[in-house]
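Work through these exercises with the sequence and the model side by side. Try each task before reading its solution.

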Amino acid sequence: MRRTPFVLLVGLTLSACSPSVPVIPQPAPAEQTKASQDYTPWKAGLSKPVADPLYPQHGNPSIDVLHYALDLSWEPGTKLFTGTARLRLRAAADVPEIKLDLSTAMTVDAVTLDGVATTGSAADDNITVPAALAKDRYATLEIKYHGTPKPVPMPTHRSDAEDLGLTVTADGSLWTMQEPYGAFTWYPVNDHPSDKALYDINVTVPEGWSGVASGTPAGQTGNTFRYTSSDPVASYLTTLAVGQYTKETAKGPRDLPVTYWYVKGRDDAMMKMIRKTPEYLAWLEERFGPYPFPSAGVVIVPSESGMETQQMITLGTIKAARSADNDELWEDVMIHELAHHWFGDTVGPSTWIDVWLNEGWAMWVEFHWSNKRDGLSDKEWETWIRSRDAQLRAKSGPPGKPRADSFAESNVYYCPALMLHQIRKQIGDQAFFELGKAWAAFGKNTTQDRASFIDFVNKQTGRDFTSLINTWLDSPTTPK
Ligand SMILES: [Zn+2]
């Protein structure tokens with residue numbers, strides 16, 4: 001996520017949401033038959049889910065979703081969102097029931113498990129299907145639902161905070177930002193970064209509108225737009241946008257397909273900087289190795305933030321840049337969100353305790369870009385960021401111990417960027433870029449944490465950075 005806080009400027013009117021009701025009761029299957037389906041096509045979606053220490057109410061560590069097939073449709077006039085979600089999943093432990101995140105603004109219409117009709121009760125932004133599964137039992141769960149999407153508050157004090165989840169604008173468009181959670185506002189999901197999964201997303205929209213989602217564009221049939229993710233995705237890195245978009249395509253390094261979606265008349269000023277995406281990607285590849293996914297893209301939405309949603313960045317129009325005609329801000333945000341594809345997307349944090357692992361790297365890379373452009377020396381920059389670091393630790397605490405009610409405050413951006421800079425000063429530029437490149441390659445399509453990062457850094461550099469990293473992550477004041 002983008003880091004600079006700006007003034008919140010959102011006043012959305014949402015229509016009343018449907019109350020949640022249990023689906024029509026039907027007899028539960030007398031006996032759950034053994035899963036007959038072959039799940040190997042989705043084995044890249046296997047994960048080791050864990051409970052989140054900060055947001056334990058989201059995600060279920062006993063369920064591992066391998067694949068989501070989402071058929072979604074949106075009617076702007078009536079604000080009716082309709083979905084069919086087919087989840088290929090594994091019980092990661094013996095479970096008495098299948099519990100997933102789903103907004104209670106959505107009404108559940110029908111549920112089947114392995115093709116047999118069952119029930120699903122919705123409460124507290126969860127859906128519970130009364131089916132016991134033994135550990136490592138695979139199952140296919142299909143849920144049909146509808147409603148008007150309703151976002152939820154973001155647990156933060158950031159001045160640019162917006163509600164999380166799928167948002168309906170006054171003109172009937174849709175967009176979403178959902179870190180650390182909020183995917184559950186538009187599909188049934190194990191809404192936690194430790195459970196990455198593969199995705200196929202189909203979005204059906206009215207004539208003249210476009211549906212945009214995370215993943216590789218997989219064609220359009222009539223008014224249905226298709227996207228597929230062959231690399232696993234964390235739920236907070238999925239995106240959905242519907243609007244009257246103009247589409248442009250470009251080629252990145254190594255002929256990488258790049259797609260831009262923007263609204264003419266609204267986003268024109270930004271496009272000058274967004275069209276430089278191939279240049280940004282080439283600059284990043286030179287330092288950190290090949291972009292880790294088969295396509296890239298940007299969808300511009302009326303948000304005040306930007307998000308590194310996988311293969312399709314969700315980029316806000318950002319008031320500060322609009323009002324100051326500040327091209328460089330959009331450029332910095334693009335470098336930041338693209339850098340996350342190496343640091344956050346392909347290798348992500350297991351839990352939100354380690355969000356510094358995402359933001360420290362993305363912030364360091366962003367500074368490396370902007371300092372070179374602005375002619376700021378490393379020494380001048382370090383003097384400046386040390387004073388910021390001191391203020392941020394005093395205000396928000398150390399970056400390795402983020403508070404649940406203060407998600408993504410600036411301390412988890414600036415302080416770990418300065419920590420990475422300490423490692424860089426000790427090993428030099430070449431070894432530092434090798435470290436970043438090797439980390440993204442080592443962690444490809446996985447989740448990691450502080451311990452595995454420290455272990456990796458020590459092995460990669462042949463030195464012991466344990467104390468340096470722990471001190472910079474845990475100290476209430478700026479380390480020397
Ligand atoms: Zn970020």
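**Exercise 1. What share of the contacts in the protein chain with a separation of 6 or more comes from residues 24 or more positions apart?**

Step 1. Fix the contact rule: C-beta atoms, placed from the backbone, lie within 7 Å.
Step 2. Read the share: residues 24 or more positions apart account for 70% of those contacts.
Step 3. Note the source. This is a predicted model: local features need pLDDT of at least 70, side-chain atom pairs count only at pLDDT 80 or more, and totals for chains, interfaces and linings use all residues. Residues are numbered from 1 along each chain as its sequence is written.

**Exercise 2. How compact is the protein chain for its 480 residues?**

Step 1. Take the radius of gyration over C-alpha atoms; the globule rule is 2.2 Å times the number of residues to the power 0.38.
Step 2. Compare. The chain has 22 Å, close to the 23 Å from the rule, so it is as compact as a globular protein of that length.
Step 3. Add the extents: the C-alpha trace spans about 70 × 50 × 40 Å along its principal axes.
Step 4. Add burial. Of the 480 residues, 49% are buried (20 or more other C-beta atoms within 10 Å of the residue's own; 12 or fewer is exposed, in between is partly exposed).

**Exercise 3. Which strands form the edges of the open eight-stranded sheet?**

Step 1. Define the elements: strands (E, at least two residues) and helices (H or I, at least four) are DSSP runs, numbered from the N terminus. Strands pair if DSSP finds at least two bridges between them.
Step 2. Write the order: β5-β4-β8-β2-β1-β11-β14-β13, with mixed pairing.
Step 3. Pick the edges. β5 (116-118) and β13 (216-221) each pair on one side only.
Step 4. Inspect one pairing. β4 (residues 106-113) runs antiparallel to β5 over three bridges. V116 in β5 is the bridge partner of L113.

**Exercise 4. Which residues of α10 and α11 meet?**

Step 1. Locate the helices: α10 is residues 450-461 and α11 is residues 466-474.
Step 2. List the contacts. R450, I454, V457 and N458 in α10 meet T466, I469 and L473 in α11.

**Exercise 5. Is A134 buried or exposed?**

Step 1. Find A134 in the loop between β7 (126-129) and β8 (138-147).
Step 2. Count. A134 is exposed because it has 10 C-beta neighbours inside 10 Å.
Step 3. Name its contacts: A134 touches A91 and D94, leaving aside residues up to four places away in sequence.

Conventions. Axes are lines fitted to C-alpha atoms, for helices over the stretch in contact, and angles run from 0 to 180 degrees between N-to-C directions. Two residues are in contact if their C-beta atoms, placed from the backbone, lie within 7 Å.
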